[in-house]
Amino acid sequence: MVLARAELHTMDDLLAQAWERISAKLNSMFGDAIYRSWLKPIQFAGSDANKILLSVPTRFMREWVNQHYIAQIVQLWQCESAAEGYIVEMIVPPPSENSIQPTVAPQVKHEASNDTAASNVIVPSNWSPGESADSDMQMGATLDPRYTFDNFVVGKPNELAHAAARRVAESPLVVPGCNPLFLYGGVGLGKTHLMHAIAWHIRRNSPERRVLYLSAEKFMYQFIKALRSKEALAFKEHFRSVDVLMIDDVQFISGKDSTQEEFFHTFNALVDQNKQLIISGDRSPSDLEGIEERVRSRLGWGLVADIHATTYELRLGILQSKIDVMRDINIPQKVVEFLAHKITSNVRELEGALNRVVAHATLVGRPITLETTQEVLHDLLRANDRRISIDDIQKQVANHYNIKVSDMHSARRSRAVARPRQVAMYLSKKLTSKSLPEIGRKFGGKDHTTVMHAVKRVEELMASDQEMANDVELLDRILQN
Ligand code: ADP
Ligand code: MG
């Protein structure tokens, strides 16, 4: 009983964490100004039966959020497995006792709860305890049909992970030295793709083997839910009856002691029974934070294979393979190379960029060119360019104005060096994510107000002086290419 109550508490913790993630995503979706006014004040206020309660300070705000942002909020909740089967409800907490006359309070409370009903939105559920779990996939996650070995492009950065995944998928028994198989690498580099590919392969070629794939987050969620509904035993049996268990993004198990414990037991039970385990994480087992030492060392017992950042060749290969299956689309080689060259962060972004370019061309019915590509992807390319360093900017600007790079750090005030220095500060603010004090330090230890002044001054000059505007825009473009 005591345990159950502790776990109920954990469910709210999970939802609170989910809300933090959602809130951050809302910030990047709507920008700082809207976020600060309307979205930041929304707080996760707990859960009640199947309701997720989000509180806003006033009724007016609730109306506004319901009219403008609720669809996105609900959509983001749908991506969180902890929220499955929940309804989102926006509430306005009743005023605190000492701020209002006691006689009025009940009425306020009544009103508030009366019209919250209108703001319920359902988060659809895929599985909940109590339903028969006859198919493994009901408890696990659905597999993406595109994530197969056939669609996986192999290159230097992922060849070990790929070879190990294939080996495990093709072997009818546990592969010696490969249990568990631990795949790790940064986001968007193909971990989930490889895991789904293993599952597809086994399902097709050895349908009698029971494969269960799920995210670590979902594992925790299922476990906690099973505890709440007193089905912990069925939960354990279910997990321990599979032949191949895959847990994706194991870093999300961190910190939750009782789930780690359960994970550890399940893990040991499966290995003892000679079942295959495949785990993924965003870093190597020994670097996982918030995970108990014995769990970490157990994770590293088998084969640990990392996926490295993509290379230009791999990116080109991936783009080519995606383009090969698109019909009636003509993408100039120049554009393909441009994308492979520019979108270096991860494969997911690379795919997204390609899809955007193609979608745009289809919609407007115009051929794809380098210019339209740059236009369509301008925000993405900008984000990429945030990796431009202040050193690059100083070099480029000094070169353009024919001054020495050391003048960027000097205290000389003559206009011939002061103006270019201001331009470089302006561009540093615009093209990097450095703060004003950080920029100041890079310019020979100047104060942040000096940088702020420079930014303002250059903006003014650009508005009034065409030549200045051309200069700065040219530099901006050169630096972004
Ligand atoms: P991760 O799980 O490591 O964050 P994903 O497996 O979700 O990354 O991969 C992100 C996207 O990139 C997916 O759409 C996936 O199909 C694609 N992808 C990643 N690596 C490759 C690859 N080597 N070949 C083809 N597609 C890839
Ligand atoms: Mg993944």
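Helix axes here are lines fitted to C-alpha atoms over the stretch in contact, and angles run from 0 to 180 degrees between N-to-C directions. Helices are DSSP runs (H or I, at least four residues), numbered from the N terminus.

This is a predicted model, where local features need pLDDT of at least 70 and side-chain atom pairs count only at pLDDT 80 or more, while totals for chains, interfaces and linings use all residues. Residues are numbered from 1 along each chain as its sequence is written.

**Exercise 1. Work out how α12 and α14 pack.**

Step 1: grab the geometry. α12 (residues 312–324) and α14 (residues 347–364) sit at an angle of about 45 degrees, axes 11 Å apart.

Step 2: name the arrangement. Under 35 degrees is roughly parallel, over 145 roughly antiparallel, 65 to 115 roughly perpendicular and the rest oblique, so α12 and α14 are oblique to each other.

Step 3: find the touching residues (contact means heavy atoms within 4.5 Å). Arg-315, Ile-318, Leu-319, Lys-322 and Ile-323 of α12 meet Val-347, Leu-350, Glu-351 and Leu-354 of α14. By class, that's six nonpolar, no polar and three charged residues.

**Exercise 2. Do the job again for α20 and α21.**

Step 1: α20 (residues 448–464) and α21 (residues 466–480) pack at about 120 degrees, with axes 5 Å apart.

Step 2: α20 and α21 are therefore oblique to each other.

**Exercise 3. Decide where to be wary of pLDDT.**

Step 1: pLDDT is the predictor's confidence in each residue, from 0 to 100. The chain averages 82, and 87% of the residues score at least 70.

Step 2: pLDDT stays under 50 over residues 1–7 and over residues 97–138.

Step 3: where pLDDT is low, don't read the predicted coordinates in detail.

Notes
Chains are lettered from A and ligands numbered from 1 in the order in which they are written. Side-chain values use heavy atoms; hydrogens and water are left out. Helices (H or I, at least four residues) and strands (E, at least two) are DSSP runs, numbered from the N terminus. Ala, Val, Leu, Ile, Met, Phe, Trp, Tyr, Cys and Pro count as nonpolar, Asp, Glu, Lys and Arg as charged, and the others, Gly among them, as polar.
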